[in-house]
Amino acid sequence: AGLEVTAAADYNLDSENTVLGAGIGGLDLGLAALGGAMTYDMDAETFGYEAVATSMGITAYLNGDDTDALQNIGGDYAVDVAGATFTAGANYNLDTEDFAPTASIAFAF
């Protein structure tokens, strides 16, 4: 249980565009765990980011880019019941004012 750092690069053969990315996770603060990711599109010269916090089954996030620092906020709650995981959440886009609720169940057999 330690800090996780990830780096990535994507080169598109058709468009010859490169996107660089970095992520960090597993930052345990006791009550909550923090993480996030950042990308840079070399052609568009645009940065994007997402910050994530998780505590007691609740995950919250916010994301945006260098032209719109706060575009989406949202989160979800997950609970395990007898081998099935129930999840409910929502996303709110601050630009379009779209609210998108979600619900799911997952299980393995």
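Ala82 sits well out in the open, counting as exposed at 87% relative accessibility. In this predicted model, Ala82 belongs to the loop between β6 and β7. Its C-alpha lies 9.4 Å from that of Phe107, a residue 25 positions away in sequence. The strands on either side of this loop, β6 (residues 68–81) and β7 (residues 84–93), run antiparallel to each other and are joined by 10 bridges. One of the residues involved is Asp80, whose bridge partner in β7 is Thr85.

Stepping back, the fold is easy to list: there are 8 strands and 0 helices. Read from the N terminus, the elements go β-β-β-β-β-β-β-β. These strands make up an open sheet of 8, with antiparallel pairing and the order β1-β2-β3-β4-β5-β6-β7-β8. The edges are taken by β1 and β8 (98–107), each of which has a single partner strand, so one side of each has no neighbour in the sheet. From one strand to the next, the twist averages 15 degrees.

The overall dimensions go with that picture. The radius of gyration is 17 Å, while a compact globule of 109 residues would come out near 13 Å. Along the principal axes, the C-alpha atoms fill a box of roughly 50 × 35 × 30 Å. As for burial, 14% of the 109 residues count as buried. The exposed surface adds up to about 7600 Å², with carbon and sulfur atoms supplying 62% of it. Among contacts with a separation of 6 or more, 9% are between residues 24 or more positions apart.

The middle of the sheet can be followed hairpin by hairpin. β4 (46–55) and β5 (residues 58–65) run antiparallel, joined by 8 bridges. In this pair, Thr54 stands opposite Thr59 in β5. The two strands form a hairpin with 2 residues between them, and Met56 in the turn has a positive phi of about 50 degrees. On the other side, β5 pairs with β6, again in the antiparallel sense, over 7 bridges. Here Ala60 is the residue that stands opposite Gly75 in β6. β5 and β6 also form a hairpin, with 2 residues between them.

Backbone angles deserve a short look of their own. Most residues other than glycine have a negative phi. Glu16 goes the other way, with a positive phi near 55 degrees. Glu16 is located in the loop between β1 and β2 (18–28), and its relative accessible area of 54% makes it exposed. Glu45 is another non-glycine residue with a positive phi, in this case near 50 degrees. The loop that holds Glu45 connects β3 (33–41) and β4. At 56% relative accessibility, Glu45 is exposed too; the cut-off for that label is over 50%.

Aromatic pairing is quickly dealt with. A pair of aromatic rings is described by the distance of the centres and the angle of the planes. The count for this model is 1 aromatic pair. The partners are Tyr40 and Phe47, whose ring centres are 4.6 Å apart and whose planes make an angle of 45 degrees, so the pair is classed as tilted. Tyr40 has a relative accessible area of 24% and is partly exposed. Phe47 is likewise partly exposed, at 40%. Neither ring residue counts as buried, because that label needs a relative accessible area under 20%.

That leaves the N-terminal end. Leu3 lies in the segment before β1 (4–11). Leaving aside residues up to four places away in sequence, Leu3 touches Ile24, Gly25, Gly26 and Leu27. Between Leu3 and Gly35 the C-alpha distance is 9.3 Å, although 32 residues separate them in sequence.

Definitions and conventions
Residues numbered from 1 in each chain as written. Predicted model: local features only at pLDDT ≥ 70, side-chain atom pairs only at ≥ 80, totals over all residues. Heavy atoms only, no water. Helix = DSSP H or I, 4+ residues; strand = E, 2+ residues; numbered from the N terminus. Contact = heavy atoms within 4.5 Å. Rg over C-alpha atoms; globule rule 2.2 N^0.38 Å. Buried < 20%, exposed > 50% of the residue type's maximum accessible area, 1.4 Å probe, protein only. Areas by Shrake-Rupley, 256 points an atom, 1.4 Å probe, with all protein chains shown as cover. Phe/Tyr/Trp six-rings, centres within 6.5 Å; stacked < 30°, edge-to-face > 60°. Pairing = 2+ DSSP bridges. Axes fitted to C-alpha atoms, helices over the stretch in contact; angles between N-to-C directions.
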